[in-house]
Amino acid sequence: YPNPFNPETAIRFDLAEASEVTLTVFNVAGQEVATLVNGNMNAGAHSVSFDGANLTSGVYLYRLTAGEFTSTMKMVLLK
């Protein structure tokens with residue numbers, strides 16, 4: 001997970017403590033294509049579904065921000 005996917009995937013992540021979480025998907029040009037999470041989440045394992053049916057094939061980036069932590073990962077949509 002989540003590579004490659006067509007057209008839906010699950011983005012999984014763990015939180016060590018409850019925090020304000022933002023999970024955003026961008027295209028390679030840096031344009032935001034979706035905001036999947038924007039709010040408080042409890043500690044523990046989480047899975048968020050992303051549907052790319054309305055997007056073109058290609059590379060997308062997703063950025064997870066939780067409190068002071070930020071991570072950016074790549075995913076590939078193949079149709």
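**Group meeting: a walk through the strands**

Okay, let's start with leucine 23. Setting aside residues up to four places away in sequence, leucine 23 touches Ile11, Phe13, Ala34, Thr35, Leu36, Val37, Val48, Tyr62, Arg63 and Leu64. Before I go on: this is a predicted model.

Leucine 23 takes us straight to the core. The largest nonpolar core has 19 residues, and those touching the most other members are Phe13, Val21, Leu23, Val25, Phe50 and Met75. Which elements give two or more residues to this core? That would be β1, β2 (19-27), β3 (32-41), β4, β5 and β6. The largest share is 4 residues, and β5 supplies it. As background, nonpolar side chains in soluble globular proteins tend to be buried together.

Now, Phe50 from that list is also half of an aromatic pair. The structure holds 1 such pair. Phenylalanine 5 and phenylalanine 50 have ring centres 5.9 Å apart and planes at 70°, so we call the pair edge-to-face; the cut-off for that is over 60 degrees. Where do the two rings sit? Phenylalanine 5 is in the segment before β1 and phenylalanine 50 is in strand β4 (residues 44-51), so the pair ties together parts 45 residues apart in sequence. Both phenylalanine 5 and phenylalanine 50 are buried.

Staying in that area, look at threonine 9, in strand β1 (residues 8-15). Is threonine 9 buried or exposed? Its relative accessible area is 10%, so threonine 9 counts as buried. Beyond its neighbours within four places in sequence, threonine 9 is in contact with Pro2, Val48, Ser49, Phe50 and Met75. So Phe50 and Met75, two of those core residues, turn up again as contacts of threonine 9.

Next, the hairpin. Strands β5 (residues 58-66) and β6 (residues 69-77) run antiparallel and are joined by 9 bridges. One of the pairings is valine 59 with valine 76 in β6. There are 2 residues between the strands, and glycine 67 in the turn has a positive phi of about 65°.

Last stop is glutamate 32, in strand β3. Its relative accessibility is 49%, so glutamate 32 is partly exposed; the label "exposed" needs over 50%. Apart from neighbours within four places in sequence, glutamate 32 is in contact with Thr24, Val25 and Phe26. Its side chain also makes a 2.6 Å polar contact with the side chain of threonine 35. And tyrosine 60, 28 residues away along the chain, has its C-alpha atom 9.8 Å from that of glutamate 32.

That's the tour. Over to you.

Conventions: Residues are numbered from 1 along each chain as its sequence is written. This is a predicted model: local features need pLDDT of at least 70, side-chain atom pairs count only at pLDDT 80 or more; totals for chains, interfaces and linings use all residues. Side-chain values use heavy atoms; hydrogens and water are left out. Buried means under 20% relative accessible area, exposed over 50%, partly exposed in between (1.4 Å probe, protein chains only). Contact means heavy atoms within 4.5 Å. Rings of Phe, Tyr and Trp (its six-membered ring) pair if their centres lie within 6.5 Å; planes under 30 degrees apart count as stacked, over 60 as edge-to-face and the rest as tilted. Two strands pair if DSSP finds at least two bridges between them. A nonpolar core is a set of buried Ala, Val, Leu, Ile, Met, Phe, Trp, Tyr and Cys residues joined through side-chain atoms within 4.5 Å. A polar contact is a pair of N or O atoms within 3.5 Å; within protein, one must be able to donate a hydrogen and the other to accept it, and residues adjacent in sequence count only if both atoms are side-chain atoms.
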